[in-house]
Amino acid sequence: MSPPQETKNKIPAKETILTPRFYTTDFDDMAKMDISVNPQEFEAILEEFRVDYNKNHFIRDEEFNNSWNNLDDTTRNLFIEFLERSCTAEFSGFLLYKEISRRIQDKNPILAECFALMARDEARHAGFLNKAIADFNLSLDLGFLTKSRQYTFFSPKFIFYATYLSEKIGYWRYITIYRHLEKHKEHRIYPLFKFFENWCQDENRHGDFFAALLKSQPQFLNNIESRLWCRFFLVSVFATMYLNDFQRLDFYATLGLDARQFDIHVIRKTNESAGRVFPVALNTEHPDFFKLLDICSCKNRKLMELNESKSLSLGNFITKTQLSTQLMWNLIRIFFIKPIDTAPTWNTVR
């Protein structure tokens with residue numbers, strides 16, 4: 001084995017509309033949240049969190065001691081980018097959940113403890129990923145990220161919609177990659193992926209918590225406005241993943257995956273899960289649904305290429321404006337594909 005090399009701080013990736021974001025919310029509204037509609041569900045979820053099934057799961061084994069300098073530069077860079085984005089997303093969840101817990105602990109102790117235990121999970125994930133980045137002689141300065149990133153304000157109901165979907169989509173991404181690599185071990189070129197089976201169960205439990213929160217607030221689910229917001233967040237979360245992954249086809253190819261087929265599977269499974277909570281699900285079987293996402297992905301890739309060119313010419317500006325307009329128009333077309341009514345019976349009961 002070659003001698004260890006000095007670990008350098010990783011320069012954080014430039015923030016864009018598609019990069020993982022940091023969030024804040026109205027903590028007073030969160031503290032006043034009435035969960036008396038389904039208290040037994042919260043008690044059961046809290047007990048599961050307290051058990052901490054993955055307490056001893058995220059322990060690096062000897063396989064991590066291998067040298068990863070033998071990876072070609074392209075593969076190495078793809079893995080570093082994947083690890084950084086994943087670490088940033090997990091750390092963002094930790095900061096949000098920890099701050100909510102701290103700010104509401106005196107007024108809403110059950111919710112506060114749930115958020116504290118989810119923050120524990122997210123911190124564990126982020127730390128594990130940052131150790132993985134160190135295998136490539138880099139380190140992500142999470143303290144710097146905390147201070148330097150801009151924070152996006154979302155009201156509690158928007159936090160619930162977005163985080164419910166992000167946790168559930170995380171579950172389906174992790175379990176799909178894990179099951180694929182279990183069948184095709186020749187593509188598991190880094191040991192991190194062995195941990196995805198248990199890891200995704202954390203994501204699933206967190207998603208179940210946010211589902212319980214949404215069900216405790218029927219006004220977030222049982223009117224026309226909420227149906228529109230649910231559609232908006234479904235389209236936003238699915239499109240963000242699809243556009244991101246379309247830029248990273250080579251990464252999925254190194255795992256033996258077709259990025260498009262992977263995303264189609266994950267979107268359909270997440271949409272199915274969301275339909276058990278949201279009053280609507282997207283019609284992913286509509287012939288235009290993935291066709292329009294493909295168009296959006298192509299427009300977005302061309303936009304990214306123009307942005308990388310850093311040209312300030314008038315022609316470049318006009319082309320970017322046209323591409324942005326076309327991208328937005330096709331996303332609107334996806335939004336207006338008639339959704340599937342899934343309104344559960346409990347939505348109308350208080």
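Which helix is S86 found in? Select helix α3 (residues 73-104) and you'll find S86 there; helices here are DSSP runs of H or I with at least four residues, numbered from the N terminus. Before going on, bear in mind that this is a predicted model, where local features need pLDDT of at least 70, side-chain atom pairs count only at pLDDT 80 or more, and totals for chains, interfaces and linings use all residues. Residues are numbered from 1 along each chain as its sequence is written, and side-chain values use heavy atoms, with hydrogens and water left out.

**Stop 1: S86**

Stay on S86, which is buried at a relative accessible area of 12% (buried means under 20%, exposed over 50%, partly exposed in between, with a 1.4 Å probe and protein chains only). Now add F82: its backbone oxygen sits 2.9 Å from a polar atom of the S86 side chain.

**Stop 2: α6 and α10**

Next, select residues 156-183 (α6) and 259-274 (α10), whose axes come within 9 Å and cross at roughly 135°. The axes are lines fitted to C-alpha atoms, for helices over the stretch in contact, and angles run from 0 to 180 degrees between N-to-C directions. That angle makes α6 oblique to α10; under 35 degrees would count as roughly parallel, over 145 as roughly antiparallel, 65 to 115 as roughly perpendicular, and the rest is oblique. The crossing is right-handed, meaning the near helix is turned clockwise from the far one by less than a right angle, with anticlockwise being left-handed.

Show side chains for the contact (heavy atoms within 4.5 Å). On α6 the residues include Y164, W172 and R173, and on α10 they include F262, D263 and H265. Colour the contact by class and you get 8 nonpolar, 4 polar and 4 charged residues. Here Ala, Val, Leu, Ile, Met, Phe, Trp, Tyr, Cys and Pro are nonpolar, Asp, Glu, Lys and Arg charged, and the others, Gly among them, polar.

**Stop 3: α11 and α12**

Move on to α11 (residues 289-309) and α12 (residues 314-335), which pack at about 155° with axes 9 Å apart. They are therefore roughly antiparallel to each other, and their crossing is left-handed. Among the residues that meet are F289, L292 and S309 from α11, and N316, L323 and I334 from α12. The split this time is 11 nonpolar, 8 polar and 4 charged.

**Last stop: L145**

Keep S309 selected and add L145, which belongs to helix α5 (residues 142-148). L145 is buried, at 1% relative accessibility. Draw a C-alpha distance between L145 and S309: 26 Å, for a pair 164 residues apart along the chain.

How values were computed:
Helices (H or I, at least four residues) and strands (E, at least two) are DSSP runs, numbered from the N terminus. A polar contact is a pair of N or O atoms within 3.5 Å; within protein, one must be able to donate a hydrogen and the other to accept it, and residues adjacent in sequence count only if both atoms are side-chain atoms.
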